[in-house]
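Here are a few warm-up exercises to work through with the model open beside you. Try each task before you peek at the solution.

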Amino acid sequence: MLGVYIVRYQGGPTTLYGEDVEWKTVILDLRDDFMNLSKNQDIEEFYPVIASDLGICVGVVRMLPGSRPNDHLVAWLFIPPGTSISGQKLYDKLRKLREIIGESKIDVDKCRKIEDWESDNDTNFLLSKQKSDSKAYFRVETTDFNMIEILDKLYQESYFYYKVVYLLKMKDRSCSFPVNWDMENISEKFVEETKVLRIPQIPDGVKVIIGESTLSTENNNNIGNYRIPSNIDEAEVTRDGFKNILVSGLSDFENDHFFSNLSWEKIIKRDFFIINGSDKNNKEIPSFTLYLNNQQLYSEICLPENELSKVDIAVEANGYKKFKGAVDLKNYSSKSPFVIELTKEEKTYDLVIPYSVKSRKDKIKYPISIENWRECSIEGYRKNECKNEIRFEYDSRYWIRSNGKLIILVLFLVLLLGGGIGTGMEFMIAKNYISEMEKEKSDSICKLNDKILQLEKKQKSVTFVNTDVSANINNTIIDNSAILYLDSNKVWQRGQMNSIKCLEGLWDDLNSRKKTRIMKWNEKLSQSNKWKKIRDNVKINGSTHFRDTTKRQYDIVVEDYIKSFQSKTGATKSTKSETTAKTTTVSGLQTQE
């Protein structure tokens with residue numbers, strides 16, 4: 001269906017025929033151009049052409065007599081996108097429009113007949129979006145084409161670039177066009193050929209860029225056929241968050257399964273990850289090295305979409321244990337990052353404690369792993385670090401610092417009493433003081449022995465944990481991903497948990513707070529530290545009611561959840577269980593290298 005719009009310019013514009021449609025907005029007031037062209041006796045005929053994204057308008061003009069030389073009638077024939085019409089048919093319709101505006105009254109029926117047109121070959125035309133404020137003219141008689149042939153090739157890139165293009169025919173080639181008119185002569189430009197490109201239905205979220213035009217689900221219109229300049233040989237397919245795909249052969253679009261066969265690569269950026277330390281403050285670690293599938297991630301890398309469910313990840317940071325695991329990155333982005341907690345790296349020292357038996361002096365040397373050597377202490381002993389050794393020496397000033405009040409009291413009594421009585425009393429106090437010193441030294445040795453026993457127990461515990469981690473490294477990738485999520489996040493989110501196959505349904509069972517539903521997960525999640533805390537508290541206290549006053553609809557704050565099960569009677573047992581759990585690392589995910 002074509003469109004007809006007839007307007008009279010006599011002082012101001014008056015619409016004589018045509019509905020209030022969108023394409024009318026591209027019509028320009030060209031009365032001065034029409035006046036100058038009509039006065040030129042060398043011009044036999046001319047047609048103004050206005051091309052835009054809405055379609056193409058071709059006009060015929062009749063000047064009106066009166067006091068104003070630029071008064072006129074103009075009839076515009078509108079050709080919508082996706083409409084094909086031959087040059088001969090278009091020329092015939094323009095000739096009939098000229099006859100209609102030449103009559104004293106507009107014949108509405110004739111206008112409607114001109115609008116009635118069914119396209120034989122529906123196509124959309126893809127062109128540059130660039131638009132100039134300049135005008136141009138095309139002299140038909142100076143080319144090897146006649147007016148009908150020019151109208152047959154109406155879809156030209158240059159027509160869409162200019163504000164308006166005048167197709168005009170002068171009496172012969174020798175006629176000159178006024179040089180003082182501000183118009184560009186495009187008669188020498190090559191008449192561009194076009195070709196038809198078929199594109200299947202474009203999926204949601206995907207865009208196709210051809211030339212300067214962008215196609216998507218919204219503007220594809222299910223037509224699929226597009227007329228493009230013959231010199232366009234490639235296109236680009238885009239999708240948010242993924243690497244653009246260059247299509248070098250446009251014939252590839254002929255395949256109905258073109259879009260489903262594309263191999264997309266997701267752009268993984270560094271801000272997809274937040275790396276925190278597992279210390280008290282749980283602060284974000286600003287400097288770290290991250291590897292995905294053994295490729296170091298600097299700013300961004302691209303990974304195939306079909307491999308995102310199993311991505312090997314490794315994180316290194318100075319002073320922390322190296323983190324290794326396999327994760328599903330399909331649902332993570334800059335707005336929803338993946339959080340990883342790193343454990344402080346423990347350094348191995350030799351604990352050196354001197355001792356003497358009668359006249360023989362010796363020292364105890366005991367290996368120990370600890371994050372900060374300054375945190376290791378034995379009461380009554382000084383320590384220093386030297387060449388991976390923590391050396392302890394008895395502090396001779398320790399008894400002075402610990403018995404300062406007693407020393408002051410002795411001195412005071414000596415000065416107060418004086419003389420013979422003072423001498424006897426002084427002897428008794430000194431004797432008691434020496435006994436206190438011997439007792440203090442004896443207590444210090446006992447404390448030292450207790451410390452050694454504690455270190456032995458701790459070493460056994462550490463050895464057990466390392467063995468346990470080594471054994472669990474061979475667990476399945478899916479289990480590791482689930483355990484990683486549970487132990488790396490303080491808040492468990494329902495959507496993220498359900499996206500991990502091994503955790504699907506866990507959030508709902510935890511939210512039910514029913515012991516039977518919660519305990520059925522024990523075997524599957526036994527490697528998770530945080531799960532053990534929940535399990536132990538549920539075993540001791542059973543199901544309890546809990547109201548979360550923070551109103552988080554789909555979040556479970558793990559620590560708050562655990563505390564909600566701890567009754568007053570079970571507080572001691574819960575604390576003991578919690579202390580035991582702290583000696584266990586994330587199974588199969590963090591290794592000391």
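**Exercise 1.** In this predicted model, work out whether Asp509 counts as buried or exposed, then find what its side chain pairs with.

*Solution.* Start with the accessibility: Asp509 comes out at 6%. Buried means under 20%, so Asp509 counts as buried. Next, place it: Asp509 sits in helix 12 (residues 506-512). Now look for a partner. Its side chain makes a polar contact with the side chain of Lys520, at 3.4 Å. Finally, widen the search, skipping neighbours within four places in sequence: Asp509 touches Lys514, Arg517, Ile518, Lys520 and Trp521.

**Exercise 2.** Check the span of helix 14 against the expected one, and say how many of its residues are buried.

*Solution.* Helix 14 runs over residues 529-541, which is 13 residues. At 1.5 Å a residue you'd expect 18 Å, and the first-to-last C-alpha distance is 19 Å, so close to that. Then count burial: 10 of the 13 residues are buried, so helix 14 is largely enclosed by the rest of the structure. Among them are Trp531, Ile534, Asp536 and Val538. One last look at the start of the helix: a side-chain oxygen of Ser528 reaches to within 3.5 Å of the backbone nitrogen of Lys530.

**Exercise 3.** Which residues have the most contacts inside the largest nonpolar core?

*Solution.* That core has 49 residues, and the ones to pick are Phe273 and Leu292. Helix 10 (residues 477-488) gives the most to this core, with 5 residues. Beyond its sequence neighbours within four places, Phe273 has contacts including Leu292, Ile313 and Phe338. A second, separate core of 40 residues includes Val49 and Phe138.

How values were computed:
Residues numbered from 1 in each chain as written. Predicted model: local features only at pLDDT ≥ 70, side-chain atom pairs only at ≥ 80, totals over all residues. Heavy atoms only, no water. Core = buried A, V, L, I, M, F, W, Y, C linked by side-chain atoms within 4.5 Å. Buried < 20%, exposed > 50% of the residue type's maximum accessible area, 1.4 Å probe, protein only. Helix = DSSP H or I, 4+ residues; strand = E, 2+ residues; numbered from the N terminus. Contact = heavy atoms within 4.5 Å. Polar contact = N/O pair within 3.5 Å; in protein donor to acceptor, adjacent residues only side chain to side chain.
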